[in-house]
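Me: I have a model open and would like to go through the words used to describe it. Could you take me through them one at a time?

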Amino acid sequence: MRPRGRPLVTLVGTLPRASSATTIRGRWATLLDCAILLFLASAIRLFWLNHTSLWADEVFSVHWSQLDPGFLLGQGEQLEVNPPAYYLLLHAWMHLVGTGVFADRSLSALCSIPTVLVAYAIGWRLGGRLAALLAGVFLAINPLSVYFAQEARGYALLGLLEGVALLGLCYALGQTERRPLPRIALPWIALFSVAAVAAFYVHYTALFFICACFIPIGLDLVRTRPLTWRRLLPWVGSGLFIAIGTAIPLETAISMSHSADIAWMAKLQLHDIWTFVVQILAYPGGGHRYLLVAGADAALALVVAAGLLRQPPNRLQFNIVVLVPSAYCVLLIAVSLLRPMLISRVGVWLSLPICLLLAYATAVQAWQWPRLVSFATVAIIFLGLTADYFIWQPKEDWTSTAQAVLRNPSCQGPLVSFGPYNLELQHYEPRLAGRRMYWVRPSHGMPPTSESVLDTMLTHDTPLEPEALAAFMQANPSAALVVRQVHLGTAVSLLGDMTDKMNIRQTIHGGGGITIFCR
């Protein structure tokens with residue numbers, strides 16, 4: 001109850017302000033937090049970065065990025081299902097630091113490391129320093145984030161840009177709670193808009209993220225009474241900027257909606273949705289530990305439930321860590337019913353709101369021991385799954401595959417890959433380049449893809465129709481057939497009776513595995 005006749009501003013102005021010493025100590029504490037988070041994220045993401053060979057998609061990224069930028073922006077953009085931004089950035093990166101497993105993957109690691117600072121900044125706005133520090137720590141050890149930080153693909157960059165966009169949205173919506181809209185909200189709206197457009201140039205699924213972000217924006221505007229032009233115009237400008245900035249790549253994405261590059265994905269099933277959820281909460285290499293990973297996900301859900309029951313989130317917290325991620329998943333699943341694309345790699349940014357939600361659920365615990373139990377549960381699960389990733393290394397071993405084909409005396413004839421993957425073999429054993437090379441189309445009359453075009457450009461291999469595989473292997477007794485696990489069932493069915501005549505069948509473990517057939 002304030003005295004009659006005295007405005008609230010006058011009373012607020014009489015409150016004691018923080019001393020300069022307190023402000024300085026707070027700044028040093030923030031710098032210390034950021035330094036610890038950067039060190040932790042760097043140590044985990046750079047650890048064993050070159051321990052395993054590049055798998056098929058990574059080899060493609062490296063060689064595709066080495067092509068002329070004019071080709072990548074022209075004909076290449078019409079062939080490759082992903083936008084050219086990451087490939088152009090990797091092209092410049094390899095010119096700067098060179099090539100090699102560590103150099104090729106280090107760009108993704110360097111894109112992933114700053115995401116812990118994004119988590120810290122959002123966590124600070126949503127729940128204070130403790131929530132910020134917990135969010136940064138959880139993201140630093142998050143197995144999904146670590147997995148894609150050690151992969152020469154554009155998903156770590158996509159996660160960073162969508163995280164920055166979420167940061168801008170968080171602070172912009174936080175400012176719009178004030179009346180009238182302060183000018184300080186405008187830079188955050190601009191940050192959101194620019195980062196959202198940049199994310200779309202890295203991966204087309206960023207469109208679902210952008211649409212999900214405009215749901216809380218629209219709800220905020222609907223609730224505003226009265227709705228003034230000063231409040232509406234910044235968001236209208238943001239929408240127009242994003243629409244214009246994404247118009248050209250959106251047209252390309254629509255024209256490639258039936259690309260053969262993603263034809264390997266089967267029609268969406270209910271099991272696929274469950275697998276997506278399990279992998280997002282853990283990491284995509286957890287197939288061999290499915291029950292263990294599902295149990296870990298259940299424990300994380302209990303941590304979140306305990307926190308939400310203790311203190312439900314406010315409007316801003318709900319919008320950032322619940323509404324936007326949920327809307328994104330719904331949009332992604334809905335579109336996947338028409339064109340399957342529901343894979344964990346496109347949702348790598350979801351590790352950020354998941355860690356924010358876990359941090360909030362831990363920080364709101366009133367007593368110290370429930371808070372410690374929640375923290376220990378999340379830390380043990382994340383560190384355990386990250387350690388399992390380092391030990392098991394769920395990525396294809398093309399180095400061992402190429403060496404096995406080269407050294408096996410029964411595999412010294414023509415080299416046949418099921419799918420356009422001779423480039424992967426030649427990448428690790430250039431001595432294989434002297435052999436005749438063929439690749440089998442996974443389906444009859446399959447149109448050219450970016451992988452097949454690149455494979456033919458660099459290895460000069462010859463395509464084979466699938467029905468010709470058995471006859472070819474019969475006519476070439478010393479031929480070596482290399483099959484990835486994803487195509488193994490199809491290859492065996494095409495070989496038919498020839499499968500029993502393959503007296504050498506070697507499986508190179510790692511990832512789904514690679515099988516070599518020889519006679």
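Reply: Happily; here is a conversation about those words and the values behind them. This is a predicted model, in which local features need pLDDT of at least 70, side-chain atom pairs count only at pLDDT 80 or more, and totals for chains, interfaces and linings use all residues. Residues are numbered from 1 along each chain as its sequence is written, and side-chain values use heavy atoms, with hydrogens and water left out.

Me: How many helices and strands are in the protein, and what makes a run count as one?

Reply: There are 25 helices and 6 strands. Each is a DSSP run, numbered from the N terminus: H or I with at least four residues for a helix, E with at least two for a strand.

Me: Why is Gln317 called buried, exposed or partly exposed?

Reply: Buried means under 20% relative accessible area, exposed over 50%, and partly exposed in between, using a 1.4 Å probe and protein chains only. Gln317 has 8% relative accessibility, so it counts as buried. Its place is in helix H17 (residues 315-336). Leaving aside residues up to four places away in sequence, Gln317 touches Leu126, Val322 and Tyr360; a contact means heavy atoms within 4.5 Å. Across the protein, buried residues make up 55% of the 519 residues.

Me: What makes Trp48 stand out in its backbone?

Reply: Trp48 has a positive phi of about 55° although it is not a glycine. Most residues other than glycine have a negative phi. Trp48 sits in the loop between helix H2 (20-46) and helix H3 (56-65). With 38% relative accessibility, Trp48 counts as partly exposed.

Me: And what about His460: is it buried or exposed?

Reply: His460 counts as exposed, because its relative accessibility is 64%. His460 also has a positive phi of about 55° without being a glycine, and its loop runs between helix H22 (450-459) and strand S3 (462-464).

Me: Which peptide bond at Pro226 is cis, and where does Pro226 lie?

Reply: The cis bond joins Arg225 and Pro226, with omega about -5°. Most peptide bonds are trans. Pro226 belongs to the loop between helix H12 (206-223) and helix H13 (229-245).

Me: Why are H8 and H19 called roughly parallel?

Reply: Helix H8 (residues 115-140) and helix H19 (residues 368-392) pack at an angle of about 20°, with axes 11 Å apart. The axes are lines fitted to C-alpha atoms over the stretch in contact, and angles run from 0 to 180 degrees between N-to-C directions. Angles under 35 degrees count as roughly parallel, and therefore H8 and H19 are described that way. Leu130, Leu134, Val137 and Phe138 of H8 make the contact with Arg371, Phe375, Val378 and Phe382 of H19.

Me: How do those contact residues of H8 and H19 divide by type?

Reply: They divide into 7 nonpolar, no polar and 1 charged. Ala, Val, Leu, Ile, Met, Phe, Trp, Tyr, Cys and Pro count as nonpolar, Asp, Glu, Lys and Arg as charged, and the others, Gly among them, as polar.

Me: How do you know that S4 pairs with S1 and with S6?

Reply: Two strands pair if DSSP finds at least two bridges between them. S1 and S4 are joined by 3 bridges and run parallel, while 4 bridges join S4 (residues 480-484) to S6 in an antiparallel arrangement. On the S1 side, Ser417 has Val482 of S4 as its bridge partner. Towards S6, Leu481 stands opposite Phe517 and Val483 opposite Thr515.

Me: What makes S4 and S6 mostly covered?

Reply: In S4, 5 of its 5 residues are buried: Ala480, Val482 and Arg484 point one way, and Leu481 and Val483 the other. S6 (residues 514-518) also has 5 of its 5 residues buried, with Ile514, Ile516 and Cys518 on one side and Thr515 and Phe517 on the other.

Me: Why does Pro414 count as buried, and what does Pro414 touch?

Reply: Pro414 has 5% relative accessibility, so it counts as buried. Pro414 lies in the loop between helix H20 (398-407) and strand S1 (415-418). Beyond residues up to four places away in sequence, its contacts include Arg436, Tyr438 and Ala480. The C-alpha atoms of Pro414 and Ser478 are separated by 7.2 Å, with these positions 64 residues apart along the chain.

Definitions and conventions
Parallel < 35°, antiparallel > 145°, perpendicular 65-115°, else oblique.
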